[in-house]
Amino acid sequence: MSNKYDLRSCLEMLKGIPGQLIESDVEADPHAEISGVYRHVGAGGTVMRPTTQNGPAMIFNNVKGHPDARVAIGVLASRERVGHILQTPPEKLGFKLMDAVSNPIPPIEIPAEGAPCREIIHRCTDPDFDIRKLVPAPTNTEEDAGPYVTMGLCYATDPETGEKDITIHRLCLQGKDIISMYFVPGGRHLDMFREKYEKLGKPMPISVSIGVDPAICIAACFESPTTPLGYDELSCAGGLRGEPVELCKCVSIDELCIANSEYVLECELIPGEYIREDINTGTGKAMPEFPGYIGNAIERTPVLKVKAVTTRKNPIMQTVIGPSEEHVSMAGLPTEASILLMEKRALNDFVQNVYCAPFGGGKYAAIIQCKKVAPIDEGKQRQAALLAFAAFRELKHCFLVDEDVDLFDVNDVIWAMTTRFQADIDMIPIPGVRMHPLDPSCDPDYDISCRNHGIACKAIFDCTVPFELKSRFKRCQFMDIDKDKWKSVL
């Protein structure tokens, strides 16, 4: 059994890199305080300012009400840190994921005996069983519907085909053995499995693995068409690591889980049973989501019945602030890889790189760097944007820039928009297109042209120079200095 790639080995690696991980022994209340602290340490993303950008990951060693547990947050909350974790330069991460999803290594099952996630077993038949006491799931804000598992890897099986899928969902702890599970409308694979089980009138076994190798968290965020129904994203995680993810059988349900998880929640999704997401608070709010707003509580969310909780000794609860830079890493990197893959197939090497910037939460905005080398290339940049929309349907805005623009520096991108863009000819609106339902502006109350909630106007912002004018838009060329000579100041 290999523990080469798990959460603990990742945290140990980060400890050895200055500025990448800090720990605190101060008692932290999981009710709003943990997120409140990390907002200032390194949340970034679309979190309301002030918030530190590119701060370290953090471990809370003293969690109120959970003396044997720790909480880790922000593990993926900087592109630089993800580069360390995946041993890849930050600007090449999209290409790394593109290669991994194209060269998958399927997971393997190992004997359950001795699996790290089985060190401690709590069954729902135990008289004091209560997931709220066993799992230190934070409540991100004081308005939240309750404690949320935000980094739970939900694994399930298609009852007809036997195909597997793993996804991260919004999971609210509602009672001692009850969890609500939110499915974003639009054909998520686990939701398709759920509908099949509903028709059969059978509960759907789901394992929720928490505290795993961060490569798994990133791979699980791939979506169709890059990973169509039947593609197990754990295979992409295997491709990222060059070795298979290890799974083992659960103790109380007929499903597999990630063998070196810190926590595993063994659940059954009950057919025909629903619960109001804010049943315990009545606030009408769910939890902070990636666009920077608190999501509305859903009136009818499917119900998970928890059959058992298994953990490692002194387990580490991994969590995320929804609007933080960590979401940008998890959602944005697979989006970049998906776009790069489609661009490569259609336009060869015309697209140089793609960046799904923090201001779009990793889902809503993509900056696409293009290189025009001949008159025939003019117009391909807009085709590249259309391909990006096809590769990722939740994308709202595409910004097109030339190869001399640093797409990872938003100031440089806005400079290009300021000096190489005229709104009347270079902005291309695409109205009436389905978007992500968590964008609050995609609603008839905001814009009467939206036929219903989730319909939006996508847009292309072409900030590239027309090929025939490139000589007139050449950036200032400075001396190429000897960096060794000036290394003391560089």
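**Surface patch, sheets, pocket and salt bridges**

Met479, Ile481, Trp486, Val489 and Leu490 together make a nonpolar surface patch of about 590 Å². The model described here is a predicted one. Within the patch, methionine 479 belongs to the segment that follows β23 (455-462). The relative accessible area of methionine 479 is 73%, so this residue counts as exposed, the cut-off being over 50%.

Turning to the strands, an open sheet is formed by three of them in the order β4-β12-β13, with mixed pairing. Its edges are β4 (108-109) and β13 (256-258), each of which pairs on one side only. Three bridges hold β12 (residues 246-249) and β13 in an antiparallel pairing, and here leucine 247 is found opposite isoleucine 258 of β13.

Strand β14 (residues 263-275) has antiparallel pairings with β11 and with β17. With β11 (residues 204-210), β14 shares seven bridges, and isoleucine 210 has tyrosine 263 of β14 as its bridge partner. With β17 (residues 301-311), β14 shares nine bridges; glutamate 266 faces alanine 308 of β17 in this pairing.

The largest pocket is worth a visit next. Its volume is about 670 Å³, and 37 residues line it, those closest to the centre being Ile168, Val184, Arg188, Glu223 and Lys363. At least two lining residues come from each of β8 (164-168), α9 (325-347) and α10 (380-391), with β8 giving the most, namely four.

Two of these central pocket residues also meet each other: lysine 363 and glutamate 223 form a salt bridge with an N to O distance of 3.0 Å. This pair links parts of the chain 140 residues apart, with lysine 363 in the loop between β19 (351-355) and β20 (365-370) and glutamate 223 in the loop between α7 (214-219) and α8 (234-241). Both lysine 363 and glutamate 223 are buried.

The model has 32 salt bridges in total. In one of them, lysine 196 joins glutamate 160, with 3.2 Å between the closest N and O atoms. Because lysine 196 sits in helix α6 (residues 189-200) and glutamate 160 in the loop between β7 (152-157) and β8, this contact ties together parts 36 residues apart in sequence. Lysine 196 is partly exposed, at 21% relative accessible area, whereas glutamate 160 is exposed, at 60%. Aspartate 377 and lysine 380 meet in a salt bridge of 3.1 Å, N to O; aspartate 377 is buried at 5%, while lysine 380 is partly exposed at 25%. Finally, a network of salt bridges links Asp6, Arg8, Glu262 and Arg312.

Note on methods. Residues numbered from 1 in each chain as written. Predicted model: local features only at pLDDT ≥ 70, side-chain atom pairs only at ≥ 80, totals over all residues. Heavy atoms only, no water. Pairing = 2+ DSSP bridges. Patch = residues over 30% accessible without salt bridge, like charges linked within 9 Å, V, L, I, M, F, W, Y side chains within 5 Å. Areas by Shrake-Rupley, 256 points an atom, 1.4 Å probe, with all protein chains shown as cover. Salt bridge = Lys/Arg side-chain N within 4 Å of Asp/Glu carboxyl O. Buried < 20%, exposed > 50% of the residue type's maximum accessible area, 1.4 Å probe, protein only. 1 Å grid on protein atoms, 1.4 Å probe; cavity = no way out; pocket = protein on both sides within 12 Å on 5 of 7 lines; lining within 4 Å. Points joined across faces, edges and corners; volume = space filled by probe spheres on them.
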